[in-house]
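Reader: I've got a new model up on screen. Can you walk me through it?
Author: Sure. Let's start inside and work outwards.

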Amino acid sequence: MTAGTYIPPAFRQDDPAVLADVVASHPFAALVLANEGQMRCVHLPFLRFGETCRPEQWRFESHLARANPVAQALADGRETQAILIFTGPDAYVSPRWYVDAHDTSVPTWNYQAVHVRGTVRLAGEGDTGWLDRHLHDLIDTHQERIGGDPFDWDHLPDKQIAGMKAAIVGIELLPDRIEGIEKLGQNKTAADRGGVIAGLERRSDHESGAMAELMALREPTGDVGHNT
């Protein structure tokens with residue numbers, strides 16, 4: 001797979017630790033398949049496996065309804081190329097927040113994303129233990145994120161559990177290319193980025209606060225001068 005995402009050099013993020021953190025913090029992703037002349041898309045929570053420092057060996061897995069056209073496109077062992085899109089915080093940026101470029105800039109949008117391109121296929125077909133392991137991993141991961149007691153389905157009737165598992169199928173994506181994007185005003189001066197951070201912090205919505213925090217985290221320490 002040779003096609004990639006257009007990313008201006010200033011906005012490219014290649015640090016595997018950062019990419020892994022985006023996936024872990026924003027695991028609900030869009031999976032897009034180009035199959036038999038049709039574009040198929042599904043939104044799913046994904047788990048990432050593999051050493052953080054070796055993204056070329058990462059593996060992503062999830063599950064979906066057997067009745068979903070995406071699952072049907074992968075039936076009978078078929079594989080296809082796909083893109084998996086994880087999105088971090090995003091926020092509208094008002095030019096009124098700039099300091100140096102207050103009178104010469106237009107509105108824009110800052111955002112963070114990770115694009116994973118690779119081969120997607122069904123997983124665990126014929127392996128009765130795969131789906132159980134996957135579902136427990138997924139539930140345990142996100143129960144831990146929210147805190148509280150773990151969840152187990154052992155209290156549910158066997159017939160209900162069997163019916164639910166029969167209605168879903170596992171999938172996995174093996175990446176060919178992973179691209180990180182962080183558009184955080186790197187092409188603006190330090191003063192302008194500071195103005196944007198302050199403007200975002202004055203807003204009350206979660207996304208603006210998350211973007212302000214991300215921008216502040218990426219700011220170099222000390223006197224950075226003009227960053228072009």
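**Inside the fold**

Reader: Which residues does Leu-31 touch, beyond those up to four places away in sequence?
Author: This is a predicted model. In it, Leu-31 touches Arg-40, Cys-41, Val-42 and Phe-46. Its other partners are Val-70, Ala-82, Ile-83, Leu-84, Val-120, Ile-171 and Leu-173. Residues up to four places away are left out of that list.

Reader: How many residues are in the largest nonpolar core?
Author: The largest nonpolar core has 28 residues. Leu-31, Phe-46, Phe-60, Leu-84 and Phe-86 have the most contacts inside it.

Reader: Which elements give two or more residues to this core?
Author: The helices are α1 (16-25) and α2 (69-73). The strands are β2 (28-35), β3 (38-45), β5 (59-65), β6 (80-93), β7 (108-123) and β8 (168-183). The largest share is from α1, with 5 residues.

Reader: What lies apart from it?
Author: Another core, of 13 residues. Ala-91, Val-196, Ile-197 and Met-215 are among them.

Reader: New topic. Is Ala-71 buried or exposed?
Author: Buried, because its relative accessibility is 5% and the cut-off for buried is under 20%. Ala-71 sits in helix α2.

Reader: What is Ala-71 in contact with, leaving aside neighbours within four places?
Author: Leu-64, Ala-65, Arg-66, Leu-122 and Val-169.

Reader: And how far apart are Ala-71 and Arg-121 in space?
Author: 8.6 Å, C-alpha to C-alpha. In sequence they are 50 residues apart.

Reader: Zoom out. What pattern does the chain follow?
Author: Along the sequence the protein chain reads β-α-β-β-β-β-α-β-β-α-α-β-α-α. That is 6 helices and 8 strands. The C-alpha trace spans about 65 × 45 × 30 Å along its principal axes.

Reader: What share of the residues count as buried?
Author: 43% of the 228 residues. Take contacts between residues at least 6 apart in sequence: 75% of these join residues at least 24 apart.

Reader: What about the surface and the charges?
Author: About 12,500 Å² is exposed, and carbon and sulfur atoms supply 53% of it. The chain has 21 positive and 33 negative side chains. The centres of the two sets lie 5 Å apart.

Reader: Last one. Where is the pLDDT below 50?
Author: Over residues 222-228. That stretch has 12 contacts in the model beyond near neighbours in sequence. The chain averages a pLDDT of 93, and 96% of the residues score at least 70.

How values were computed
Residues are numbered from 1 along each chain as its sequence is written. This is a predicted model: local features need pLDDT of at least 70, side-chain atom pairs count only at pLDDT 80 or more; totals for chains, interfaces and linings use all residues. Side-chain values use heavy atoms; hydrogens and water are left out. Helices (H or I, at least four residues) and strands (E, at least two) are DSSP runs, numbered from the N terminus. Buried means under 20% relative accessible area, exposed over 50%, partly exposed in between (1.4 Å probe, protein chains only). Contact means heavy atoms within 4.5 Å. Accessible areas come from the Shrake-Rupley method with a 1.4 Å probe; for residues, only the protein chains shown count as cover. Lys and Arg count as positive and Asp and Glu as negative; His and the chain ends are not counted. The place of a charge is taken as NZ of Lys, CZ of Arg, CG of Asp or CD of Glu. A nonpolar core is a set of buried Ala, Val, Leu, Ile, Met, Phe, Trp, Tyr and Cys residues joined through side-chain atoms within 4.5 Å. pLDDT is the predictor's confidence in each residue, from 0 to 100.
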